[in-house]
Amino acid sequence: MSNYRTAVITGASRGIGAATARALAKRGMEVTAIGRSAGPLEDLKAEIGCTVRPLDIGDTAAVMAALKDIEADVVVNNAGTMTQSAPFAELDLLELQQSVDVNLKGTLAVTRALLPGMIERKRGHLFFITSMLGPYAAPNASVYAATKAGVRAFASCLRLELAGSRVRVTEIAPGRVHTSFFSPAFKGDMEAVEKTLFSEYDALEPEDVASALVGALDLPEHADINRIEITSTDQALGGMTYAKRAS
Ligand code: NJP
């Protein structure tokens, strides 16, 4: 495994972030787990012995203050939020704002806080958990897709800026993962989420995404996996659709 010792993971209170925290702690790394929910973070701390920082990453000033003393070899920008499933013209303005604040602004702030130290120490690995709804379009998720496309563009620019610095940049774009992420899209109705999205399809588990991340981390430090797109074998992306002419 590469020589990294410390990791900061956003959105570690559940789902992909918690699975990644477990995987990195198991490999002996010192993990700092970030999220807003103090209770689940404390449970994670009891389980894997990580440090926890309850924090809303949508608050840039709070992010800069909370992370200013942290040395991170690995940063997993994972925290994210979905909006209700709705056409853009009908989207709630508060949800629109929150999505941009967390998915895009929060990711920029966390990276801004931790990247200078990585550059100085000439060691680091930035991960960005984006989405298939960055490169591929879908209706009723336009703001979410825009934020994730933004993070993809950001990661691609950073990779160019950081060439030669020994700081790696890996984007991981997952397909559907079995977490509570889709709850807002179904107005909090988790039964409907399970029935509609998971009961008849195999999805990725959070641990699958964590394993992909560890695979990229495990390469020798001169090797940088730029991007991983990962789906379950029941999901395929790309392609085309055609709607029948309205009669
Ligand atoms: O989602 P979920 P996933 N400040 O809802 C945290 C992407 N993805 O693990 O603050 C700080 O279980 C929240 O913690 P809390 C997705 O876009 C997923 O599936 O305590 N943290 C929780 O720990 C996202 O970027 C799928 O509520 C904040 C975590 O974020 C990443 O995968 C598909 C926060 C969300 O955990 C992890 O999602 C895809 C804030 N303001 C991409 N707001 C999928 N699941 O199918 C939220 O393409 N969090």
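Here a biologist and a modeller talk through a predicted model with a ligand.

Modeller: Two notes before we start. Residues are numbered from 1 along each chain as its sequence is written. In this predicted model, local features need pLDDT of at least 70 and side-chain atom pairs pLDDT 80 or more, while totals for chains, interfaces and linings use all residues, and side-chain values use heavy atoms, without hydrogens and water.

Biologist: What makes a residue count as near the ligand?

Modeller: One of its heavy atoms must lie within 4 Å of the ligand. By that rule 30 residues surround the ligand, with R36, S37, Y144, P174 and T179 the closest.

Biologist: How do you know that S37 makes a polar contact with an oxygen atom of the ligand?

Modeller: A polar contact is a pair of N or O atoms within 3.5 Å. An N or O atom in the side chain of S37 is 2.5 Å from a ligand oxygen, so the pair fits the definition. For the side chain of S131 the value is 2.8 Å, and for a polar backbone atom of P174 it is 2.6 Å.

Biologist: How much of the ligand does the protein cover?

Modeller: The protein covers 97% of the 900 Å² that the ligand has accessible on its own, by the Shrake-Rupley method with a 1.4 Å probe.

Biologist: Why are strand 3 (51–54) and strand 7 (227–230) called edge strands?

Modeller: Strands are DSSP runs of E, at least two residues, numbered from the N terminus, and two strands pair if DSSP finds at least two bridges between them. The open sheet of 7 strands has the order 3-2-1-4-5-6-7; strand 3 and strand 7 each pair on one side only.

Biologist: How do you know that strand 5 and strand 6 pair?

Modeller: They share 6 bridges in the parallel sense, and the definition asks for at least two, so they pair. G124, for instance, has V167 as its bridge partner in strand 6.

Terms used: A polar contact is a pair of N or O atoms within 3.5 Å; within protein, one must be able to donate a hydrogen and the other to accept it, and residues adjacent in sequence count only if both atoms are side-chain atoms. Helices (H or I, at least four residues) and strands (E, at least two) are DSSP runs, numbered from the N terminus.
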